Amino acid sequence: MKVTQEKLPASQIGLEIEITPEITKQTYEQVIRNLASTTNIPGFRKGKVPRQILLQRLGTTRIKAAALEELVQDGIEKAVKQEAIQAIGQPQLRTSFEELINNYEPGKPLIFSAAIDVEPEVNLVQYTGLQAQAEEIKYDSTQVENVLNQEREGLATLIPVEGRAAQIGDVAVVDFKGLLSKAEGEDETVEPTPIPGGEATDFQIELQEDKFIPGFVSGMVGLNPGETREISAQFPDPYVNEELAGKAAIFTVTLKELKEKELPELNDDFAQEVSDFNTLDELRASLEERYQKEAEEKTKTNKQEALLAELLKYVEVDLPTTLIEQEIDTMLTQTAVRLSQQGLDVRKLFTQDIIPQLRERSRDEAIERLKRSVGLREVSKRESIEVTPEEVQTRVTELLEQYSDQDIDEEKLQSVVENELLTEKIIDWLLEHSSIELVPEGSLSVAPETETEPLESETATEPQTDEQSTSETTESTEG
């Protein structure tokens with residue numbers, strides 16, 4: 001069999017394949033024999049149909065088509081093996097099937113063209129001496145105080161208030177009823193429209209501005225128990241209920257009870273109640289260590305992201321369609337799994353209409369992930385960066401002990417761990433041979449979007465969904 005190779009764009013190899021006259025005739029005759037033994041023609045037993053009758057009944061085009069399917073499939077498989085091509089994905093026939101049928105004559109050579117995707121060649125223009133900027137995340141001591149205050153809020157006792165009006169921070173028990181404000185020029189005789197779900201009795205609300213729609217809480221400040229007041233407010237735009245988005249409203253609010261929070265003291269007893277620590281100092285030290293480590297990890301991630309974003313500028317690769325489509329498949333599958341774990345009905349999100357849109361939206365990210373992956377792999381090849389079986393097994397053992405209550409595929413886990421460890425080693429090597437300048441947080445106008453992922457990435461884009469509220473009152477009034 002004669003095979004001629006041709007380099008094509010998108011990491012494809014074109015193959016011109018010539019099937020010998022002997023094979024084209026043998027295949028054609030074998031197809032006729034097979035059809036004669038399986039075709040039912042009235043008046044003839046299976047296998048006893050005369051050749052001419054079979055040709056007349058089935059037609060030469062159908063028989064040629066059946067023979068060509070075998071010739072093309074077998075020819076491509078043998079050509080790939082003969083030329084020792086490391087193929088990925090399914091081959092594509094470049095010659096039209098109609099043309100093949102017209103040109104095919106059993107006993108004469110058959111020539112056709114096919115294309116096969118192969119691993120792309122990577123040209124890494126530069127990978128040492130890379131320069132970039134990354135934001136340094138500094139430890140903020142107020143984070144500890146915020147956590148402690150949140151815990152105090154959770155343990156707060158509500159004390160009835162007497163002798164003063166409502167103020168921010170109070171907890172109020174109210175009756176309220178909401179109506180949509182009339183639009184400019186609307187008929188004054190028309191009754192105002194009630195807000196769906198915008199009515200409640202003995203409703204408890206904490207007087208914080210972010211708890212309800214803008215204007216509602218601030219309108220209650222100064223209200224005394226037993227008093228009723230009309231409060232103007234406006235639904236934000238966008239809003240969960242699109243019919244209410246941006247509309248003005250009037251709420252008639254009656255304050256029935258007023259309470260204030262009494263917070264527990266910050267002492268050792270408090271620390272023991274909210275944590276496993278015996279003293280407040282131990283709790284503070286633990287929180288400080290946690291947030292310091294978190295700041296360091298964020299800074300490290302920013303450095304990695306900046307480095308990878310810079311590396312991508314020097315990765316030249318013509319990615320094959322097969323790899324791109326496989327990466328998109330992986331991304332959507334991972335997204336579906338995560339959404340399912342969150343309790344969402346994936347079948348309603350991934351409909352036949354939306355899937356093509358999701359695939360197209362995922363394409364650019366898939367290409368970027370692949371470029372990053374092949375770029376890192378090329379660095380590992382050039383610098384002989386590897387992980388040892390011992391390193392992999394140590395990490396696998398740790399994870400198996402950590403998740404001993406879960407059913408884990410150890411073989412798959414080993415592959416994932418090996419990939420992650422190799423990625424970490426490559427990035428650490430690149431960081432050692434690059435210059436990443438740390439700058440203050442918020443000083444970079446656009447933060448790098450590249451995610452630090454293993455060579456075989458594990459993340460995906462998620463479709464955005466609006467959360468639907470289930471409470472009648474909060475659906476229409478809470479912000």
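In this predicted model, E378 is in contact with V122 and L124, its neighbours within four places in sequence left aside. E378 lies in helix α11. The residue is buried, with a relative accessible area of 15%, and the limit for a buried residue is 20%. A second relation concerns R347. E378 and R347 are 31 residues apart in sequence. Their C-alpha atoms are 39 Å apart in space.

Helix α11 covers residues 354-383. Its axis comes within 10 Å of the axis of helix α8, residues 280-312. The two axes cross at roughly 90°. Helices α8 and α11 are therefore roughly perpendicular to each other. On the α8 side, the residues that meet α11 are L308, L311 and L312. On the α11 side, they are E368, K371, R372 and L376. By class, this contact has four nonpolar residues and three charged ones. Polar residues are absent from the contact.

The loop between α11 and α12 contains S384. S384 is not a glycine, yet its phi is positive, at about 55°. The residue is exposed, with a relative accessible area of 57%.

Helix α12 comes next in this account. It runs over residues 389-402 and has 14 residues. From its first C-alpha to its last, α12 reaches 20 Å. That is close to the 20 Å expected at 1.5 Å a residue. Its buried residues are V392, V396 and L399. Seen down the axis of α12, these buried residues fall within an arc of 65°, so they line one face of the helix. E390, E401 and Q402 are exposed on the other side of α12. The cover over the buried residues of α12 includes α13, residues 410-432.

Helix α13 has 23 residues. It reaches 33 Å from its first C-alpha to its last, close to the 33 Å expected at 1.5 Å a residue. The buried residues of α13 include L413, V417, L421 and L422. Also buried in α13 are N419 and T423. I426, I427, W429, L430 and L431 are buried in this helix as well. What covers the buried residues of α13 includes the helices α8, α11 and α12. Strand β13, residues 435-440, is also part of that cover. Helices α12 and α13 are thus linked in both descriptions: α13 is among the elements covering buried residues of α12, and α12 is among those covering buried residues of α13.

Helix α3 spans residues 60-82. Its 23 residues should span 33 Å at 1.5 Å a residue. The end C-alpha atoms are 31 Å apart, which agrees. Buried residues of α3 include I63, A65, A67, L68, L71 and V72. K64 and G75 are buried too. So are I76, A79 and V80. A84 follows α3, and its phi is positive, near 55°.

Strand β2 covers residues 12-19 and holds E16. E16 is partly exposed, with a relative accessible area of 42%. Its contacts, neighbours within four places in sequence left aside, fall in two stretches of numbering. K2, V3 and T4 are among the residues in contact with E16. I111, F112 and S113 are also in contact with E16. A114 is 98 residues from E16 along the chain. The C-alpha atoms of E16 and A114 are nevertheless separated by 6.6 Å.

Backbone geometry was examined next. Most residues other than glycine have a negative phi, and most peptide bonds are trans. Strand β9, residues 194-206, contains D202. D202 has a phi near 50°, a positive value in a residue other than glycine. D202 is partly exposed, with a relative accessible area of 49%. The peptide bond from D237 to P238 is cis, with omega near 10°. P238 is placed in the loop between β10, residues 228-234, and β11, residues 248-262.

Technical notes:
Residues are numbered from 1 along each chain as its sequence is written. This is a predicted model: local features need pLDDT of at least 70, side-chain atom pairs count only at pLDDT 80 or more; totals for chains, interfaces and linings use all residues. Side-chain values use heavy atoms; hydrogens and water are left out. Helices (H or I, at least four residues) and strands (E, at least two) are DSSP runs, numbered from the N terminus. The expected span of a helix is 1.5 Å times one less than its number of residues. Buried means under 20% relative accessible area, exposed over 50%, partly exposed in between (1.4 Å probe, protein chains only). The arc is that of the directions from the helix axis to the C-beta atoms. Contact means heavy atoms within 4.5 Å. Axes are lines fitted to C-alpha atoms, for helices over the stretch in contact, and angles run from 0 to 180 degrees between N-to-C directions. Angles under 35 degrees count as roughly parallel, over 145 as roughly antiparallel, 65 to 115 as roughly perpendicular and the rest as oblique. Ala, Val, Leu, Ile, Met, Phe, Trp, Tyr, Cys and Pro count as nonpolar, Asp, Glu, Lys and Arg as charged, and the others, Gly among them, as polar.
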